[in-house]
Amino acid sequence: MYFDSWSGFLAMEGHGLYVWSAYAVAAVVIAYNLISPVMAKRQVVAQVRRQERLVKRKVVVNDFKVTTDSGNDLEQRFANPESAQQKHRAERQEESLESVEGSAQ
Amino acid sequence: MNAVRKQRLILVLLLLAGVGLAVALMLFALRENINHYFSPAQMAAGEAPVGQRMRGGGLVVPGSVERDTESLKVSFRISDGAGEVTVRYEGILPDLFVEGSGVVALGKLSNDGVFEASEVLAKHDENYMPPEVQKAIDDAHPKSGYSKPAAQTTAQSELRSLQDGS
Amino acid sequence: MNWTFFHKLGSPKWFYDISGKWLPWLQVSSLVLILVALVWGLAFTPPDYLQGNSYRIIFIHVPASFLAQAVYMMMATAAAVTLIWKIKLADMALKVMAPIGASFCILSLATGAIWGQPTWGTWWVWDARLTSMLILLFLYIGIIALRGAIHTTEAAAKACAILSLVGVVNIPIIKFSVDWWNTLHQGATLKLTEKPSMAPEMLWPLLLAILGFYLFFTLVMVLRLRIEILSRERKTRWVKELVS
């Protein structure tokens with residue numbers, strides 16, 4: 001150790017202000033470089049999750065549209081139980097997604 | 001490498017070459033003007049314009065520093081080995097201003113051949129060593145007044161760098 | 001020549017998978033080296049015969065300056081690869097390296113200015129070395145700004161690559177500025193072909209600091225590149241599965 005005491009270490013024989021402010025700037029730069037990837041990661045994860053939610057909604061809505069379109073012919077609708085089930089499933093899914101969205105906001 | 005990529009490679013190289021050439025030409029043309037630097041020898045020989053803002057640098061001639069007791073006025077001579085010029089300055093000199101080491105002064109050359117400096121900056125070389133090592137070198141090679149470790153080589157490199165400012 | 005290997009190198013997923021293993025090594029080594037080097041330099045090296053204790057700024061200033069230039073060289077290389085081989089990963093690397101390099105350039109200029117005040121007597125002078133480093137900072141900022149201003153990925157990639165290459169001519173200017181012109185900034189202490197003009201007890205912490213900072217840069221770059229990959233490849237299944 002080239003300094004006799006802690007106060008000597010801080011004072012750096014008169015050059016303390018210069019040395020320590022330089023090291024402080026270095027600390028800021030290092031901190032920035034460590035924090036910015038963390039922030040970027042959060043943004044990307046949120047982006048991907050949001051994208052997935054929107055895709056699911058689109059699929060559900062499209063499903064819904066497909067089933068209601070084919071239901072113009074009443075006979076066909078009641079004759080084909082599966083499409084009726086799809087319609088119900090679609091409606092329920094949309095409802096649950098909406099409630100999830102509501103709570104997320 | 002396929003033909004398309006080869007073509008792109010050539011374009012990139014041409015881009016680099018073109019920019020490099022342009023910048024090299026610019027720097028060559030502006031060499032003199034970038035610096036407004038004149039050596040003590042040039043100033044002493046009257047080659048430097050009077051009254052124009054310029055930079056001058058050299059080694060402080062040992063024993064030439066004269067300080068006014070009443071004010072912060074100081075005068076000293078700088079040398080580049082080929083010529084000397086007197087510098088006058090009023091203000092606080094940098095910590096590293098010592099006789100025998102390098103300075104760079106900004107200011108104007110006056111009619112009587114004195115460089116009136118508005119700013120005096122200390123120039124130091126690229127050597128770093130503990131005080132004991134420098135002392136050992138000084139003991140082995142007695143100073144010629146120019147306080148430099150390994151006095152010969154660094155003084156020469158200092159002078160060289162100060163000289164080829166133009 | 002087996003170009004398939006080279007092209008595999010350009011696969012974002014491959015890079016993402018393999019780089020995950022590097023992270024712990026990079027974190028530990030950079031942290032340890034930087035801490036050791038800086039503590040060593042601050043407390044366990046003698047003061048300089050001429051500058052006293054202010055020279056201790058060198059353990060930050062030199063690594064930052066080297067990195068500011070080296071990162072730009074890497075960006076120029078990535079730019080050339082982007083333009084010639086159109087490898088997406090190269091453009092991603094170019095994008096993420098710019099802010100890191102810029103931060104080190106700012107660090108170099110700031111620590112240099114702080115160091116200049118007690119030694120030279122001024123914190124700034126328009127000599128060739130300082131001016132060319134400032135130009136380097138402007139180039140970094142320009143590349144970052146250009147990336148933000150152009151909204152298509154392909155067009156932004158091309159523009160940033162071209163600007164990076166145009167600016168690379170500044171790097172040899174920075175390096176040789178102290179030789180070609182009369183500068184206030186002194187010449188190189190660490191030279192390629194000659195012995196360094198620095199006492200060994202000061203040289204070792206400096207070399208460790210340089211290595212530590214290079215490793216730190218690698219760590220930050222890899223972290224940011226991985227995130228950029230996730231962002232750009234977000235429509236692929238592997239990313240969707242990874243995130244959820």
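Me: What do the buried residues of α7(C) pack against?
Reply: In this predicted model, the buried residues of α7(C) pack against three helices of chain C: α3 (58-85), α5 (128-149) and α6 (153-167).

Me: Which residues of α7 are those?
Reply: Helix α7 of chain C covers residues 170-180, and its buried residues are C:Asn170, C:Ile173, C:Ile174 and C:Ser177. They fall within an arc of 100° when α7(C) is seen down its axis, so they line one face of the helix.

Me: Why would residues three or four places apart point the same way?
Reply: An α-helix has 3.6 residues a turn, so residues at that spacing point the same way.

Me: Take α5 and α7 then. At what angle do the axes of α5(C) and α7(C) cross?
Reply: At roughly 160°, and the axes come within 8 Å. The helices α5(C) and α7(C) are therefore roughly antiparallel to each other, as an angle over 145 degrees counts as such. The crossing in which α5(C) passes α7(C) is left-handed.

Me: Which residues make that contact?
Reply: From α5(C) there are C:Ala128, C:Arg129, C:Ser132, C:Met133, C:Ile135, C:Leu136 and C:Leu139. From α7(C) there are C:Asn170, C:Ile173, C:Ile174, C:Ser177 and C:Val178. By class, the contact of α5(C) with α7(C) has 8 nonpolar, 3 polar and 1 charged residues.

Me: And α3 with α6, what angle do α3(C) and α6(C) pack at?
Reply: About 135°, with the axes 8 Å apart. That makes α3(C) and α6(C) oblique to each other, because the angle is not over 145 degrees, where roughly antiparallel begins. The crossing of α3(C) and α6(C) is left-handed.

Me: Which residues of α3(C) and α6(C) meet there?
Reply: On the α3(C) side they are C:Met75, C:Ala76, C:Ala79, C:Ala80, C:Thr82 and C:Leu83. On the α6(C) side they are C:Ala157, C:Ala161, C:Ser164 and C:Leu165. The contact of α3(C) with α6(C) has 8 nonpolar and 2 polar residues, and no charged ones.

Me: One more pair in chain C. How do the axes of α2 and α8 cross?
Reply: Helix α2 (residues 12-43) and helix α8 (residues 200-232) of chain C have axes that come within 7 Å and cross at roughly 150°. That makes α2(C) roughly antiparallel to α8(C). The contact of α2(C) with α8(C) divides into 22 nonpolar, 7 polar and 1 charged residues. α2(C) passes α8(C) in a left-handed crossing.

Me: Moving on to the interfaces. How many residues of chain B are in contact with chain C?
Reply: 34 residues of chain B, which are in contact with 31 residues of chain C.

Me: Which elements of chain B supply at least two residues each?
Reply: α1 (3-35), β7 (115-123), α3 (131-140) and α4 (151-163) of chain B. The largest share comes from α1(B), with 11 residues. By class, the side of chain B that touches chain C has 19 nonpolar, 8 polar and 7 charged residues.

Me: Same for chain C against chain A: how many residues does the contact take from each?
Reply: 33 residues from chain C and 27 residues from chain A. On the chain C side, α4 (88-119), α8 and α9 (237-243) each give two or more residues. α4(C) gives the most, with 11 residues. The side of chain C that touches chain A divides into 20 nonpolar, 9 polar and 4 charged residues.

Me: What is the secondary structure of chain A?
Reply: Chain A has 4 helices and 0 strands. Of its 105 residues, 12% count as buried.

Me: And chain B, what pattern does it follow?
Reply: Along the sequence, chain B reads α-β-α-β-β-β-β-β-β-α-α, which comes to 4 helices and 7 strands. Of the 166 residues of chain B, 28% count as buried. Among contacts in chain B with a separation of 6 or more, 51% are between residues 24 or more positions apart.

Me: I was looking at B:Arg55. Buried or exposed?
Reply: B:Arg55 counts as buried, because it has 21 C-beta neighbours inside 10 Å and the cut-off is 20 or more. B:Arg55 is in strand β2 (residues 53-60) of chain B.

Me: How far apart in space are B:Arg55 and B:Ile10?
Reply: 43 Å, C-alpha to C-alpha, while B:Arg55 and B:Ile10 are 45 residues apart in sequence.

Conventions: Residues numbered from 1 in each chain as written. Chains lettered and ligands numbered in written order. Predicted model: local features only at pLDDT ≥ 70, side-chain atom pairs only at ≥ 80, totals over all residues. Arc of directions from axis to C-beta. Contact = placed C-beta atoms within 7 Å. Axes fitted to C-alpha atoms, helices over the stretch in contact; angles between N-to-C directions. Parallel < 35°, antiparallel > 145°, perpendicular 65-115°, else oblique. Left-handed = near helix turned anticlockwise from the far one by under 90°. Nonpolar A, V, L, I, M, F, W, Y, C, P; charged D, E, K, R; others polar.
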